[in-house]
There are 2 protein chains.
Amino acid sequence: MSEIGAAEPWAVRETALPGDDGLRQAESIFALANGHIGLRGNLDEPHAGGMPGTFLNSLFEERDITYPEAGYAFPERTETVVNAPNAKPIALRVGDEPFDVRTGTLTRHERVLDLRAGTLTREVEWTSSAGVEVRVRSVRLVSFPRPSVTAVRYSVHADAPLRIESDLVVNEALPSERDDPRASAIISTPFRSLSSDRDVLVHRTRGSGLPVAAAVIHTGHEGTVVTSLDLIRWTAEGHGEITFDKFTAYRWNEENIREQALKDRDAAARDGFDVLLAEQRDYLDEFWDGADVEVDGDPEIQQAVRFGLFHVLQAAAQAGPHPIPAKGLTGNGYDGHTLWDTETYVLPVLTYTHPECAGMALRWRHSTLDKARDRARELRLDGAAFPWRTISGVECSGYWPAGTAALHVNADIADAVLRYYAATCDEDFMRSAGRELLEETARLWKSVVYFDEENTGHIAGVTGPDEYTALMDDNVYTNLMAEQNLRAAGSPVHLNMPYDEKREVHDQSAGFTRLPAWDFSDEEYPLMLHHHYLNLYRKQVIKQADLVLAMMKRPDRFTLDEKRRNFAYYEARTVRDSSLSAPIQSVLAAELGHLTRAHEYLAEAALLDLRGSGEAGGDGLHIAACAGAWISLVMGFGGLRDHDNRLSFAPRLPPRLSRLAFGLRWRDCRLSVVVTPDSVTYGARNAPADFRHQGHDVHLAAGQEETFPLDPVEDVPAPPTPRPPRTIAE
Amino acid sequence: MSEIGAAEPWAVRETALPGDDGLRQAESIFALANGHIGLRGNLDEPHAGGMPGTFLNSLFEERDITYPEAGYAFPERTETVVNAPNAKPIALRVGDEPFDVRTGTLTRHERVLDLRAGTLTREVEWTSSAGVEVRVRSVRLVSFPRPSVTAVRYSVHADAPLRIESDLVVNEALPSERDDPRASAIISTPFRSLSSDRDVLVHRTRGSGLPVAAAVIHTGHEGTVVTSLDLIRWTAEGHGEITFDKFTAYRWNEENIREQALKDRDAAARDGFDVLLAEQRDYLDEFWDGADVEVDGDPEIQQAVRFGLFHVLQAAAQAGPHPIPAKGLTGNGYDGHTLWDTETYVLPVLTYTHPECAGMALRWRHSTLDKARDRARELRLDGAAFPWRTISGVECSGYWPAGTAALHVNADIADAVLRYYAATCDEDFMRSAGRELLEETARLWKSVVYFDEENTGHIAGVTGPDEYTALMDDNVYTNLMAEQNLRAAGSPVHLNMPYDEKREVHDQSAGFTRLPAWDFSDEEYPLMLHHHYLNLYRKQVIKQADLVLAMMKRPDRFTLDEKRRNFAYYEARTVRDSSLSAPIQSVLAAELGHLTRAHEYLAEAALLDLRGSGEAGGDGLHIAACAGAWISLVMGFGGLRDHDNRLSFAPRLPPRLSRLAFGLRWRDCRLSVVVTPDSVTYGARNAPADFRHQGHDVHLAAGQEETFPLDPVEDVPAPPTPRPPRTIAE
């Protein structure tokens with residue numbers, strides 16, 4: 001169990017030491033990152049359980065993958081994020097005894113993730129076996145404005161001799177792999193040493209050959225340093241109190257890493273910990289000013305949406321283009337790979353809250369274009385075929401029916417380009433990256449789409465978002481997204497939307513509604529751990545929003561009645577075994593007036609990692625679900641849509657919420673939206689803004705606010721679902 | 001290149017030593033086996049290139065298989081046939097020089113596989129570097145009547161000191177694996193020694209723990225024996241001539257193997273090589289009496305059909321139930337696994353030529369029923385789900401879309417049961433095995449079939465015979481075979497046969513004819529080595545007969561016009577990248593009057609291994625293609641059908657053949673059929689027989705012959721095919 005305390009608006013507080021089963025989850029929740037460096041929330045003292053994790057974005061090892069029965073163009077190498085040089089360990093001895101919270105008497109153990117300060121603070125009161133009372137306090141940060149720097153301020157008080165051993169360690173031992181196909185491969189001893197001295201360790205990954213330098217310095221207390229190939233150890237002694245600051249700087253995957261790391265370390269140490277703290281708060285103040293969401297009436301959701309936004313920022317902050325992994329930099333789940341989650345779930349949030357990061361993430365995609373072109377050629381397709389899973393841009397998916405066959409990732413990238421451009425009018429991006437992404441993905445679709453005798457376009461044999469069906473024809477989501485992609489590249493086509501006349505619903509893919517029914521009396525979730533794909537694929541059981549996602553992304557292609565019927569039909573067949581599902585179902589539920597259901601799905605997504613079972617998020621947070629809380633609130637209850645270059649709102653609050661307020665960046669404007677049960681107020685804080693409110697055009701001058709009354713909304717009873725929303729008992 | 005000489009009616013002759021690229025193929029062609037023991041045609045002297053191979057049916061090693069992304073119920077272990085203790089190596093020294101055909105001067109090197117004697121004879125004339133003329137002759141046999149025994153008679157003449165080292169060797173070194181996903185994993189040093197003495201070696205496989213004893217004795221010349229854990233070496237010396245016989249007996253996977261092996265060895269040695277030769281010929285005389293096919297007008301086909309029948313017998317001869325691997329016991333291709341080839345291609349031949357073996361093979365399937373029940377339970381299906389690939393009966397397929405999803409293997413087994421029972425009326429088999437096989441496979445189908453509102457039955461998401469499509473709905477072959485399976489078990493249903501009204505053809509699977517076309521200008525075959533499955537699956541390109549096979553198996557469900565239109569449609573889309581395709585296309589081509597095309601496909605199948613390129617069959621013969629020659633001749637040109645408990649004929653010869661004669665076992669009768677261009681003569685040699693000739697009932701009394709005139713047949717031009725039949729230039 002995790003030990004997360006009652007919801008606070010701007011902090012996540014752990015009020016006791018979690019048990020073994022909650023430790024990994026807590027390490028993910030309390031992870032700090034700045035998009036470049038990620039530190040799992042490991043305790044300071046080494047070997048304190050859980051899963052150590054220091055991640056440097058795009059620092060990965062390669063390994064061979066083999067198949068029992070290989071096939072043409074099955075990837076033969078994969079990439080796995082590695083545990084980078086770790087500067088977290090600080091061992092403390094009190095008298096003759098090691099400070100170890102699993103021994104002695106633990107009077108108090110509290111950790112606070114401060115969402116405005118951008119710090120993780122830990123306070124411990126502990127009595128050793130010998131009866132010595134010890135107080136330890138540490139404040140850890142990963143600097144947003146200094147993408148190479150981490151720091152910690154550590155202090156201990158005890159009436160006893162004290163000894164600190166503070167390490168920078170490489171190739172540390174890791175617990176063995178768990179038996180879950182979704183967990184990542186853990187690579188042991190990935191680094192070989194290039195140089196080592198008392199200031200900096202330089203290593204290179206053995207297989208992928210990527211270089212990394214880590215420089216460390218301790219200030220505020222005298223100490224001595226010993227070093228070996230894989231270790232710098234600073235040792236300090238004292239009595240009564242020791243307080244020191246530790247600054248670490250990483251440089252990797254570039255030139256002159258040793259010198260750069262030393263320079264960054266020295267600058268941080270020179271400026272000092274307090275300056276780093278102040279810079280961190282400034283950075284976050286600016287972020288929250290544009291991104292904050294206020295939720296009145298549900299403190300847990302209030303906390304969770306900020307927690308989610310904070311972790312989205314931690315995953316996505318960019319000083320230069322890099323991928324945004326599905327787990328951010330909070331764990332090694334999915335091998336540290338980036339999936340379609342980025343463009344479909346994370347970038348929409350960033351586009352309206354921190355657009356520079358969205359643009360940079362798309363520039364990273366663009367930087368991998370040649371690899372995507374190579375992959376398309378290998379697949380005998382035109383244009384670019386972006387990977388289903390990757391770190392560097394090469395396809396790393398080892399199960400092609402739910403990997404390479406999910407061609408929709410290419411349209412998802414195009415969709416993110418279009419949305420980013422609509423929201424920012426960033427011409428430079430469009431010229432140097434966006435246009436080419438649109439055109440190359442459109443070329444892919446042109447080589448995939450075929451036309452029947454009636455000149456209707458089709459896409460055969462691909463996998464849509466729902467991973468409980470595969471290799472289907474005319475997946476509506478894929479077809480509509482490809483259609484949009486082609487139109488944006490100047491090649492409009494009309495692609496088939498299979499429709500079941502009898503049931504009056506769209507087929508998720510051709511023939512779907514005629515497949516055999518699933519027996520939902522079986523309640524072992526996730527179903528994929530209890531059923532063979534043979535069984536799942538050939539029946540009407542859906543892992544995650546697919547047609548429902550299409551209705552959110554392409555509102556122009558469905559009437560309200562169609563949405564209502566489709567939602568009810570698919571709601572009855574969707575089990576949400578993917579964390580990507582609930583936010584989207586929440587948005588459509590809100591649109592269709594199922595407001596309580598929408599709130600429940602919001603909670604399922606928002607609280608998944610923060611208040612889920614001890615299993616949840618142990619190998620890293622679900623960053624898309626973190627983004628999902630914002631999506632549910634802003635696109636669901638705020639009714640934001642951004643289809644076809646136009647921003648629109650249709651707000652409606654669920655019964656339990658009394659107020660929802662959020663900021664948005666739309667072109668030059670910082671827009672504020674405040675929704676109450678009977679009104680909505682839009683404010684253009686700094687520049688004029690045009691958008692639509694409930695179908696009507698609105699223009700605001702700079703500094704203008706306008707309030708519209710809202711009709712009372714009925715909370716329409718939701719259609720049945722086989723799996724009730726997983727929310728927390730209050 | 002292989003060095004197979006001109007076609008002879010009863011022998012396959014190699015007239016020179018093949019080059020490196022033809023060596024492995026020749027080793028497969030000249031393999032000897034008796035269903036239990038298989039010896040590849042390795043040269044006598046050790047380390048003479050190629051791939052050593054001594055195979056004991058069902059003696060396998062287990063190994064883990066891993067997946068880049070595993071899934072529920074993906075097999076975690078597989079089975080691989082191992083290279084058993086090898087008694088083939090006989091090293092010769094002439095003076096100071098080793099006898100090595102790659103050195104010195106090779107005047108003559110001839111090997112003859114005698115299809116009536118059941119022996120491989122080798123004659124060599126060689127002059128050593130020192131100028132000594134040497135003649136070596138060896139005659140090798142694997143005894144049909146003694147399933148544990150192999151023997152060789154070896155003689156050498158040379159005017160020089162001679163020294164023989166004749167080995168029984170375990171864990172011999174093997175060449176490394178080739179880079180082809182279809183090739184098997186080679187397991188090195190699979191055995192650990194249990195005991196070792198001058199007579200017998202006893203070992204156990206390291207992983208699977210299967211025991212094997214090999215006893216050896218040399219007679220006819222004095223010699224001395226040394227032994228170690230993995231070796232018995234007999235050394236003999238002489239001058240001018242040495243002649244000796246070597247007898248080996250294997251026992252494995254049972255009790256008292258050491259004693260049994262010694263006993264069998266001693267009995268063989270006591271009776272002597274000449275007795276073994278005589279027994280072998282008697283056994284084959286009896287086989288050929290019931291099985292021979294005579295073909296006038298095409299000597300290569302004449303040779304090839306007997307070669308094929310001989311190898312089918314070698315793969316399938318049974319003193320007790322065992323599997324029939326896809327490569328027989330001629331190589332380690334497909335890891336030595338049994339696939340649906342057995343029931344669909346091999347057992348039909350055996351049912352009419354050597355029914356005891358067909359019954360025994362089905363009893364072997366029955367012996368694995370509990371494993372198939374376990375697999376069905378794991379898949380959440382009822383009844384039995386037999387494996388796609390296996391040695392022991394457990395599923396060993398590592399790519400489920402073309403493995404586990406090919407549920408038709410279960411109906412194929414039921415089909416073989418029905419055919420065997422119709423041909424033999426073997427009540428004991430039906431009572432003790434056949435009935436249960438029918439019922440358990442029918443239970444599987446009952447849990448797979450579902451009914452739509454119109455009460456039409458469907459099967460969704462399975463893979464039919466064609467491996468260039470996968471996970472399709474209503475595969476016609478699967479549906480028709482399941483329908484037959486269910487009816488035979490007393491549960492008649494009507495399953496959907498998707499039909500394209502516009503093109504007036506059946507869909508191979510639902511929607512197939514609406515998939516995009518394949519661009520057949522690409523001519524890199526097999527396509528699977530040049531195209532991703534994503535590309536293959538979603539287009540109209542067919543690896544192997546699928547709907548065409550359905551038309552052969554279920555003639556009752558297609559009109560002649562439908563057959564004609566379907567054949568033309570699928571002929572234009574089938575590339576025959578599987579050796580299982582040509583025989584079936586040949587049968588339908590013959591039925592539809594495309595007689596030259598039928599002859600060409602017959603040749604493609606029949607000559608594949610015997611006269612194919614050096615690549616063909618290097619890791620073992622295509623036993624189904626060996627059976628395919630018989631299928632093409634007897635079912636194609638003989639027009640034999642055996643649907644629904646009735647035997648029928650509709651003979652028609654292609655232009656180049658002047659006569660076709662074959663024998664059949666039908667219930668108690670040995671039936672003879674002699675076809676000429678203008679007549680057919682049926683003879684009931686020993687018992688009365690009932691059958692149909694061209695739709696008319698025929699009854700023959702025991703000993704009676706009856707001749708029917710045949711109308712002249714037109715050789716109807718065949719529809720286009722993207723890949724011309726691969727036949728040999730004359």
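1. A good place to start is B:Lys371, which touches B:Ser392, B:Gly393 and B:Val394 when residues up to four places away in sequence are left aside. This is a predicted model, so please read each point below in that light. B:Lys371 sits in helix α7 of chain B, residues 369-378. The backbone oxygen of B:Ser392 lies 3.1 Å from a polar atom of the B:Lys371 side chain.

2. Is B:Lys371 buried or exposed? With a relative accessible area of 36%, B:Lys371 is partly exposed, because that value falls between the 20% limit for buried and the 50% limit for exposed. There is also a neighbour to look at along the chain: the C-alpha atom of B:Phe386, 15 residues apart from B:Lys371 in sequence, is separated from that of B:Lys371 by 7.8 Å.

3. Turning to chain A, have a look at A:Arg557, in the loop that joins α12 (547-553) and α13 (560-571) of chain A. Its side chain makes a polar contact with the side chain of A:Glu483, at 2.3 Å. Not counting residues up to four places away in sequence, A:Arg557 touches A:Leu480, A:Glu483, A:His494, A:Leu495, A:Met497 and A:Glu562.

4. Now for the interface. Chain A and chain B each bring residues to the contact, 51 from chain A and 51 from chain B. Between them the chains bury about 4,200 Å², with 59% of it on carbon and sulfur atoms.

5. How many salt bridges are there between chain A and chain B? The count is 8 salt bridges, and one of the pairs in a salt bridge is A:Glu453 with B:Arg503, whose side chains meet at 2.6 Å, N to O. Polar contacts between chain A and chain B come to 16 residue pairs, both residues being at pLDDT 80 or more.

6. On the side of chain A that touches chain B, the elements giving two or more residues are α9 (427-448) and α11 (533-537) of chain A. The largest share comes from α11(A), with 4 residues. By class, this side of chain A has 27 nonpolar, 11 polar and 13 charged residues.

7. Finally, the symmetry. A turn of 180° with a shift of 0.0 Å along the axis lays chain A on chain B with an RMSD of 0.0 Å. The two copies are therefore related as by a two-fold rotation axis. In chain A, the C-alpha nearest the axis belongs to A:Tyr67, 2.8 Å from it. The same surface serves both copies, as 100% of the contact residues of chain A recur in chain B.

Terms used
Residues numbered from 1 in each chain as written. Chains lettered and ligands numbered in written order. Predicted model: local features only at pLDDT ≥ 70, side-chain atom pairs only at ≥ 80, totals over all residues. Heavy atoms only, no water. Contact = heavy atoms within 4.5 Å. Buried area = accessible area lost by both parts, 1.4 Å probe. Salt bridge = Lys/Arg side-chain N within 4 Å of Asp/Glu carboxyl O. Polar contact = N/O pair within 3.5 Å; in protein donor to acceptor, adjacent residues only side chain to side chain. Nonpolar A, V, L, I, M, F, W, Y, C, P; charged D, E, K, R; others polar. Least-squares fit on C-alpha atoms with pLDDT ≥ 70 in both. Buried < 20%, exposed > 50% of the residue type's maximum accessible area, 1.4 Å probe, protein only.
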